[in-house]
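Work through these short exercises on charged side chains. Try each task before reading its solution.

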Amino acid sequence: MKPFNYTLDPEQKEFCKRTLAAFYSGSQPATKVLNIAPTGFGKTVVASALAYYQAKQGKKTLFIADTNELISQAQAEFYDAANIISALEKGQDRGSLHTDVVIASIQTLRHDKNLKRYNPDHFELVIADEAQLSRSASWAKVLNYFHDGGAKILGITATPDGKNLMNFYDVSAY
């Protein structure tokens, strides 16, 4: 695997370190982590770093967003930062079952015919961009489907908006 192209700043490194610690350390590791970071922090860059970490270990990542802009940004960032050629699950496009990373729109993945193309245990890590939306029925359906299969869920957002997200997530690591 090619090297990671970017140098994370100290806060981005801390974001990754705390996330991995929450998922993999301690006697009661979390399975659903919410991380809050401001606009401009580089949440997509750290998401690509975490996906890169997973891919190096032979594990698959699903990145879910709700707008075309965020999906395009993620696909470009994952390639630029981590040399990851991701598959796209959006509209008429169907993500490959064999790639390390799938970037999906929630609008496409919420439909059973698209969601169930993937086994519940297909992904080790599922990243929910704009995590404040994860309390909606469509997001909860998709996230729970993969969580029930053993995936770790990472919600990232700049705007938690007091939506009682901690009723879904186990811990906020950053």
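**Exercise 1.** Is Glu89 buried or exposed?

Solution. Start with the ground rules. This is a predicted model, where local features need pLDDT of at least 70, side-chain atom pairs count only at pLDDT 80 or more, and totals for chains, interfaces and linings use all residues. Residues are numbered from 1 along each chain as its sequence is written, and side-chain values use heavy atoms, leaving out hydrogens and water.
Next, the cut-offs: buried is under 20% relative accessible area, exposed is over 50%, and partly exposed is in between (1.4 Å probe, protein chains only).
Glu89 has a relative accessible area of 0%, so Glu89 is buried.

**Exercise 2.** Find the salt-bridge partner of Lys141 and place both residues.

Solution. A salt bridge puts a side-chain nitrogen of Lys or Arg within 4 Å of a carboxyl oxygen of Asp or Glu. The rule gives five salt bridges.
Lys141 pairs with Asp112, with the closest N and O atoms 2.7 Å apart.
Lys141 sits in helix H6 (residues 137-148) and Asp112 in helix H5 (residues 112-115), so the pair ties together parts 29 residues apart in sequence. Helices are DSSP runs (H or I, at least four residues), numbered from the N terminus.
Lys141 is partly exposed at 34%. Asp112 is partly exposed at 40%.

**Exercise 3.** Describe the pair Arg18 and Glu14.

Solution. Their side chains form a salt bridge of 3.0 Å, N to O.
Both lie in helix H1 (residues 10-24), four residues apart, about one turn of the helix.
Arg18 is partly exposed at 38%, and Glu14 is partly exposed at 25%.

How values were computed
Helix = DSSP H or I, 4+ residues; strand = E, 2+ residues; numbered from the N terminus.
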